[in-house]
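Colleague: Please take a close look at the largest pocket and at what sits in it. I would like the lining, the ligands and their contacts in one account.

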Amino acid sequence: MLRIARPIVGLRGISSHITRVPFAVSARSGARCYSSAPASNGKKLGLLAVLGVLAVGTTLYSATTPVKPPRAYIEPVLSPAFKPGEVSVLFVLGGPGSGKGTQCAKLVAGYGFVHLSAGDLLRAEQQRPGSKYGELIAQYIKDGQIVPQEITIALLEQAMKEEFGKGKTKFLIDGFPRKMDQAITFEEQVAQSSFTLFFDCPEAVMLKRLLERGKTSGRTDDNAETISKRFKTFVETSYPVVEYFDKQGKVIRLSCDQPVETVYGQVTAALKGKEII
Ligand SMILES: Nc1ncnc2c1ncn2[C@@H]1O[C@H](COP(=O)(O)OP(=O)(O)OP(=O)(O)O)[C@@H](O)[C@H]1O
Ligand SMILES: O=c1ccn([C@@H]2O[C@H](COP(=O)(O)O)[C@@H](O)[C@H]2O)c(=O)[nH]1
């Protein structure tokens, strides 16, 4: 597929308005064109006649010569890895510790979704012997920052293709997209999302859960210092993604500050309402 880029606004047609008027015309070879000496009437008339002919000539030339538009730029547009309708993608977003993974696990058990957690994929890549990106990923996670999109999207696309090859088509993409560039690139190059489940949760609740989880999780980011960085990243970088999809009417907002089963009841009711399950 090819996309023809629009020509640069304002470029087309400008040349038709440019008429070059000769700077000085001398009636006689060697005469000074900047002389202050008064010219005779005959000379003045001759000069005016020449200027008039030139003005008419250039106007006629520009009016009759077709203006060539600038050559269109041709940009290749990559087709997404999955065609529209081939797979169903639900993004699952919410602050750290809002319960995304817990609810995804229940949807897998109840409705046969494939659950792909971007964080889990990054941690697995970090651990993979020989990975070029292990150290980089470890540093970003420890700092509560978002790993460059190329790495995360490649991991997600690969995992989706593997599952698709086994006949799976319903995906929960958990903890992604966490940044606007990821949202746009993923939808352009991998697949369109149908909805985003957003778990709204007070920071105090998430902090308590994460500190509790940190006692056994072994995660380098479940500690007070990194948690506060993750909260900041969520507010500044990830929440704009929720707003972006909200403007498209594609966000299902859920309150996470309830027992697990109550939250799950809200999730399933909302998905049934949208005829996703
Ligand atoms: N509704 C809930 N009520 C109480 N505790 C919960 C609830 N949901 C999840 N938890 C607990 O909170 C912790 C964080 O949950 P979970 O791992 O599902 O969150 P998450 O949003 O996936 O976090 P992260 O983004 O950090 O991976 C876990 O220990 C989990 O058992
Ligand atoms: O798209 C993503 C998703 C995650 N990360 C990094 O991983 C950690 C942990 O993610 P969880 O979803 O909480 O498991 C997150 O703080 C980021 O550092 C990412 O870079 N990009």
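Modeller: What follows goes from the pocket to its two ligands. This is a predicted model, in which local features need pLDDT of at least 70, side-chain atom pairs count only at pLDDT 80 or more, and totals for chains, interfaces and linings use all residues. Residues are numbered from 1 along each chain as its sequence is written, chains are lettered from A and ligands numbered from 1 in the order in which they are written, and side-chain values use heavy atoms, with hydrogens and water left out.

A pocket here is an open set of points on a 1 Å grid over the protein atoms alone, where a 1.4 Å probe fits, with protein on both sides within 12 Å along at least five of seven lines; lining residues have an atom within 4 Å of a point. The largest pocket holds about 920 Å³, a volume being the space filled by probe spheres set on the points, which are joined across faces, edges and corners. Its lining comprises 43 residues, and Lys100, Arg178, Arg213, Arg219 and Arg230 are the closest to its centre. Elements that give two or more residues to this lining include helix 2 (100-111), strand 4 (114-117) and helix 8 (224-247); helices (H or I, at least four residues) and strands (E, at least two) are DSSP runs, numbered from the N terminus.

Ligand 1 sits in this pocket, meaning that more than half of its atoms lie within 2 Å of the grid points. Around ligand 1 there are 17 residues, with Lys100, Thr102, Arg213, Arg230 and Gln258 nearest; to count, a residue needs a heavy atom within 4 Å. Polar contacts are pairs of N or O atoms within 3.5 Å. A backbone N or O atom of Gln258 is 2.8 Å from a nitrogen atom of ligand 1, and one of Gly97 is 3.1 Å from an oxygen atom of the ligand. On its own, ligand 1 has 630 Å² of accessible area, of which the protein covers 75% (Shrake-Rupley method, 1.4 Å probe).

The space taken by ligand 2 is also the largest pocket. Its shell has 17 residues, the closest being Arg123, Gln145, Val147, Arg178 and Arg219. An oxygen atom of ligand 2 lies 2.6 Å from a backbone N or O atom of Val147. Side-chain N or O atoms of Arg123 and Arg230 come to 2.9 Å and 3.4 Å from an oxygen atom of ligand 2. The protein buries 95% of the 460 Å² that ligand 2 exposes when taken alone. Helix 3 gives the most to this shell, with four residues.

Notes. A polar contact is a pair of N or O atoms within 3.5 Å; within protein, one must be able to donate a hydrogen and the other to accept it, and residues adjacent in sequence count only if both atoms are side-chain atoms.
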